[in-house]
Amino acid sequence: VSSPMPPAQIIDCNALAAKHRDRIASRAASIVARGGKVRLDAVLVESGDNGARVYAENQARTCALLGIEYKLHLLPASSGFDDVAGRVMLLSADDLITAIMVHMPLPAAIDPYRVQRLVAPEKDVEGVNPANIGNVVYGRSSLAPCTGLAVIKMVESVIGESPTPALASEGRHAANLRGKLAVVVGASDVVGKPIAVLLMRQDATVVSCNKWTPGLGEITRQADVLVAAVGKPNLITPDMVKPGAIVIDVGVNRVAGPDGKMKTVGDVSFDAVSKIAAHLSPVPGGVGPMTVAMLLNNVVEAAERRYGAG
């Protein structure tokens, strides 16, 4: 009789994010010591939803702790496309500014894609400009989407690092994914697709699926690394997971709990899958804190490209 699987190790993403913040602070201090500037300029259109404002305030506090300047460009709720686009183009053209992001959501009448493509690629620390998405696909050194980077760093924390040909020339290391089968469920432009491409860049064999893929469970059961990024609660059940797999849950869903109160859950049936997987990321407190850390990592990387790495 085979012995039962030990419970999954829950990936401590808060501790992992803290490690990355320490490195970010050190790199930022090195740039400042050499006379450079590390600054993030963020554009926020005011709205009735206070969530984005709270996020911006938290971002300002985190930047201050890491030695990164933060300037919030607050635009009135009545702003149209020309107002937002004009501010983004001014920031993109300013040689003193190295990092730009645009807080979402924008007013309903403004197409986010049209705004994002105006952010200069070398300052696009969210990795949302189509030029940066293209650079990720072609394997050029680029500012990659933050959630995709977060997933790679989380996998890397579990299976270790190994130099890969694509990164060795830059003196960088990546997750030891060569020969691993990675399945990404979800193919959104900002999350699923970049995650799949970043996994490919590290020599993983990647299968991209969505919630309508026929025989989805048969595919996911083969995965050494399974990434769920759909936005559907309990999509990934234990019978869909290979024993000993690494499972990264990117989904964020609001559902009613047994007591009727709303709670945040991922795409993975957490308790049940934790009995099958070897490593599992939690929701909340998983990809979220790591994504914020990767945004600030990109801020420092953009500054290093301007002023040189220490």
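This passage describes the sheets, selected helices and nonpolar cores of a predicted model.

Three strands form an open sheet in the order β3-β2-β4, and their pairing is parallel. The edges are taken by β3 (69-75) and β4 (100-102), each of which pairs on one side only. On average, neighbouring strands in this sheet are turned by 20° against each other, with direction ignored. Strand β2, residues 39-45, runs parallel to β3 and is joined to β3 by seven bridges. Within this pair, Val43 of β2 stands opposite His73 in β3. Helix α3, residues 81-93, packs on the sheet and touches β2, β3 and β4. The direction of α3 makes about 175° with that of β2.

Helix α2 covers residues 51-66. At 1.5 Å a residue, its 16 residues should span 22 Å, and the end C-alpha atoms are 23 Å apart, which agrees. The buried residues of α2 are Ala52, Ala56, Gln59, Cys63 and Leu66. Viewed down the helix axis, the buried residues of α2 fall within an arc of 90°, so they line one face of the helix. An α-helix has 3.6 residues a turn, so residues three or four places apart point the same way. Arg61, Ala64 and Leu65, on the other side of α2, are exposed. The packing partners of the buried residues of α2 are α1 (13-33), β2, β3, β4 and α11. Gly67 comes just after α2 and has a positive phi of about 80°.

Helix α11, one of these partners, comprises residues 287-307. Its 21 residues, at 1.5 Å each, should span 30 Å, and the end C-alpha atoms are indeed 30 Å apart. This helix is mostly covered, with 16 of its 21 residues buried. Gly308 follows α11 and has a positive phi, near 90°.

The largest nonpolar core contains 57 residues. The residues with the most contacts inside this core are Ile68, Val125, Leu199, Ile248 and Val250. Helix α11 gives the most to the core, with 10 residues. With neighbours within four places in sequence left aside, Ile68 is in contact with Ile24, Ala28, Val38, Arg39, Leu40, Cys63, Leu296, Val299 and Val300. Of these contacts, Cys63 is one of the buried residues of α2, and Arg39 lies in β2 (residues 39-45). Another core, of 19 residues, lies apart from the largest one and includes Val183, Leu216, Leu235 and Ile236.

A second open sheet has six strands in the order β1-β13-β10-β9-β7-β8, again with parallel pairing. Strands β1 (9-10) and β8 (205-209) stand at the edges, each with a single partner strand, so one side of each is left without a neighbour in the sheet. Strand β9 (residues 225-228) pairs with β10 (residues 246-249) in the parallel sense over four bridges. In this pairing, Val225 stands opposite Ile246, and Leu226 stands opposite Val247. Strand β7, residues 181-185, also runs parallel to β9 and is joined to β9 by four bridges. Here Ala182 stands opposite Val225.

In a regular strand the side chains alternate between the two faces of the sheet. In β9, Val225 and Val227 point one way, whereas Leu226 and Ala228 point the other way. These four residues are all buried.

Helix α6, residues 146-159, lies across β9, β10 and β13 (279-280). Its direction is at about 155° to that of β10. Strand β13 contains His279, which has a relative accessible area of 17%. This residue is classed as buried because the value is under 20%. Not counting residues up to four places away in sequence, His279 touches Ala8, Gln9, Ile11, Val158, Ala245, Ile246 and Val247. Among these contacts, Ile246 and Val247 belong to β10 (residues 246-249), Gln9 belongs to β1 (9-10), and Val158 belongs to α6 (residues 146-159).

How values were computed: Residues numbered from 1 in each chain as written. Predicted model: local features only at pLDDT ≥ 70, side-chain atom pairs only at ≥ 80, totals over all residues. Heavy atoms only, no water. Pairing = 2+ DSSP bridges. Helix = DSSP H or I, 4+ residues; strand = E, 2+ residues; numbered from the N terminus. Axes fitted to C-alpha atoms, helices over the stretch in contact; angles between N-to-C directions. Contact = heavy atoms within 4.5 Å. Expected span 1.5 Å × (residues − 1). Buried < 20%, exposed > 50% of the residue type's maximum accessible area, 1.4 Å probe, protein only. Arc of directions from axis to C-beta. Core = buried A, V, L, I, M, F, W, Y, C linked by side-chain atoms within 4.5 Å.
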